[in-house]
Amino acid sequence: MIFGVLKDIKNYEYRVIATPSEVSTIVEDGHSVLVQKDAGKGAGFSNEEYIKSGAEIVDTMEEIYERCDFVAKVKEIEPCEYDLLRENQIIFTCIHPAAHEEEVQALLDKKVIAFTAEDSHRYGSPNCEAAGKIGALLGLESLLSVNGGSGKFVNGLAGAPGIKVLILGGGIVGKNALQILQSLGAWITVMDININTLREIGKMYGEKVNTQFSTKYNIKKILPEIDLLINCVKWPKGSNEYLIDREMVKSMQKGSVIVDISNDYGVIETFHETTLENPRYIEEGVVHYCVSNIPGTIANSTSIAYAASVLPHIISIMNLGVEKACIKDGFLRRSLTTYKGYLTHEETSAVQNRPWIRPEDILKIADKELDPAPPATVTRSDNFITL
């Protein structure tokens, strides 16, 4: 196969899907690799390093799409790329399909084989780890007086108390935000709907972190005393009720901060997505930091970790083919989003009211011994396509 590494073109996105290390591995397996010029520059990887690893540098994304059987990048396929897609081409990137109807339509129209990378991680994405750690630090930065924050310091000063933090969600993102803030001396409460998760967090920190079951009642009760709220909840698409409504935000102290790492509409009523160009806004007296690509702020570290995590999927597809790779790995199978004009992503079907077909059915592998994997989300759809 010919594998293509695209330069990401989303504003302020510096990560790259494959570093010279991954390129070297792919080449050693007998494949060809094309890398778009300066694809790794923002993450600290020069064109010369890619050449030494066996890649060919090409000038444009047009040439990548034209020549490559398999194309990969970090973030969504942008509108300027839609017409470059080719039938039967394999695409691997963070599509976020349920939230991007136009992008999904382009993938269907072009009859590509598209995998949404965010659903393919068996042990959680390194981007989640990065988002939690950096999101915590960006929350502290947002508390600075110059950013409209309350001017409170994380662990206080002599005679001045440290900050109180509420972390919603005890998954990978939440645990990594907790790791940073607890090490810096903040007073922290973690809320989750999984009692076992709360128990694990309590034991991990010697019961020095407060844990509570996550309910709207409990959140409403604690918010007025919270200086920094970090949202790490993966919210069901299409939910009609806010977990934190406007009145609850208004109850927070002026100058307190919300960092919405999850970036899911429906959790916090006052949320709207921001970019690194203008990352903050103040609403109801509360500073909001709602950037969708927080991991991109540490592009070198995230690129190295993320590229290593997805390399097994890339190698498996290239060496075995799509069908056998999806038999071998259930997490890759569940991330299949479109296949030659058919939608294969359940959450997207439910949110966009599109008919879908299960990956194992369209690939005709349902009778094989499949590696199991749980559904990527709780969102279900019975709007099936019948072949």
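1. Let's start with strand β2, residues 32-36. Four of its five residues are buried, so the strand is largely enclosed by the rest of the structure. Keep in mind as you read that this is a predicted model.

2. Who sits beside β2? On one side of the story there is strand β1 (residues 2-5), which runs parallel to β2 and is joined to it by four bridges. If you want to find the pairing on screen, look for isoleucine 2, whose bridge partner in β2 is serine 32. To get from β1 to β2 the chain passes through helix α1 (residues 20-28), and this β-α-β crossover is right-handed. Glycine 4 is another handy marker, since it stands opposite leucine 34 in β2.

3. Leucine 34 also leads on to the next strand, because it stands opposite glutamate 56 in β3. Strand β3 covers residues 56-58, runs parallel to β2 and is joined to it by three bridges. Here too there is a helix in the connection: β2, helix α2 (residues 47-52) and β3 make up a β-α-β unit, and it is right-handed.

4. Now go back to β1, which has a further partner. Three bridges join β1 to β4, and these two run parallel. Glycine 4 is useful again here, as it stands opposite valine 71 in β4. While you are looking along the strands, a general point may help: in a regular strand the side chains alternate between the two faces of the sheet.

5. Helix α1 deserves a closer look. Its buried residues are Pro20, Glu22, Val23 and Ile26. Looking down the axis of α1, you'll see them fall within an arc of 155°, so they line one face of the helix. What do the buried residues of α1 pack against? The answer is β1, β2, α2 and α10, the last of these spanning 299-320. Just after α1 comes glycine 30, which takes a positive phi of about 95°.

6. On to the rings. The structure holds three aromatic pairs. One of them is phenylalanine 3 with phenylalanine 70, an edge-to-face pair with 5.1 Å from centre to centre and 85° between the planes. Phenylalanine 3 belongs to strand β1 and phenylalanine 70 to strand β4 (residues 70-72), so the pair ties together parts that are 67 residues apart in sequence. Both phenylalanine 3 and phenylalanine 70 are buried.

7. Another of the pairs is made by tyrosine 265 and phenylalanine 271. Their ring centres are 4.7 Å apart and the planes stand at 65°, so this pair is edge-to-face. Are its two members buried or exposed? Tyrosine 265 counts as exposed, at 56% relative accessibility, whereas phenylalanine 271 is buried, with a relative accessible area of 6%.

8. If you were hoping for disulfides, the count is zero. Why does cysteine 232 not form one? The closest cysteine sulfur to its own is that of cysteine 128, and at 9.7 Å this is too far for a bond. Cysteine 290 is in a similar position: the closest cysteine sulfur belongs to cysteine 232 and is 13 Å away, too far for a bond. Cysteine 232 is buried, with a relative accessible area of 13%, and cysteine 290 counts as buried too, at 1% relative accessibility.

9. Last stop: valine 286, which you'll find in strand β13 (residues 286-289). Valine 286 is buried, with a relative accessible area of 0%. Which residues is valine 286 in contact with, leaving aside its neighbours within four places in sequence? They are Val249, Met252, Gln253, Ser256, Val257, Ile258 and Tyr281. As for leucine 168, it is 118 residues from valine 286 in sequence, and the two are 17 Å apart in space, C-alpha to C-alpha.

Definitions and conventions: Residues are numbered from 1 along each chain as its sequence is written. This is a predicted model: local features need pLDDT of at least 70, side-chain atom pairs count only at pLDDT 80 or more; totals for chains, interfaces and linings use all residues. Side-chain values use heavy atoms; hydrogens and water are left out. Buried means under 20% relative accessible area, exposed over 50%, partly exposed in between (1.4 Å probe, protein chains only). Two strands pair if DSSP finds at least two bridges between them. A crossover is right-handed if, with the strands pointing away from the viewer, the path from the first strand over the helix to the second runs clockwise. The arc is that of the directions from the helix axis to the C-beta atoms. Contact means heavy atoms within 4.5 Å. Rings of Phe, Tyr and Trp (its six-membered ring) pair if their centres lie within 6.5 Å; planes under 30 degrees apart count as stacked, over 60 as edge-to-face and the rest as tilted. A disulfide is a pair of cysteine sulfur atoms within 2.5 Å.
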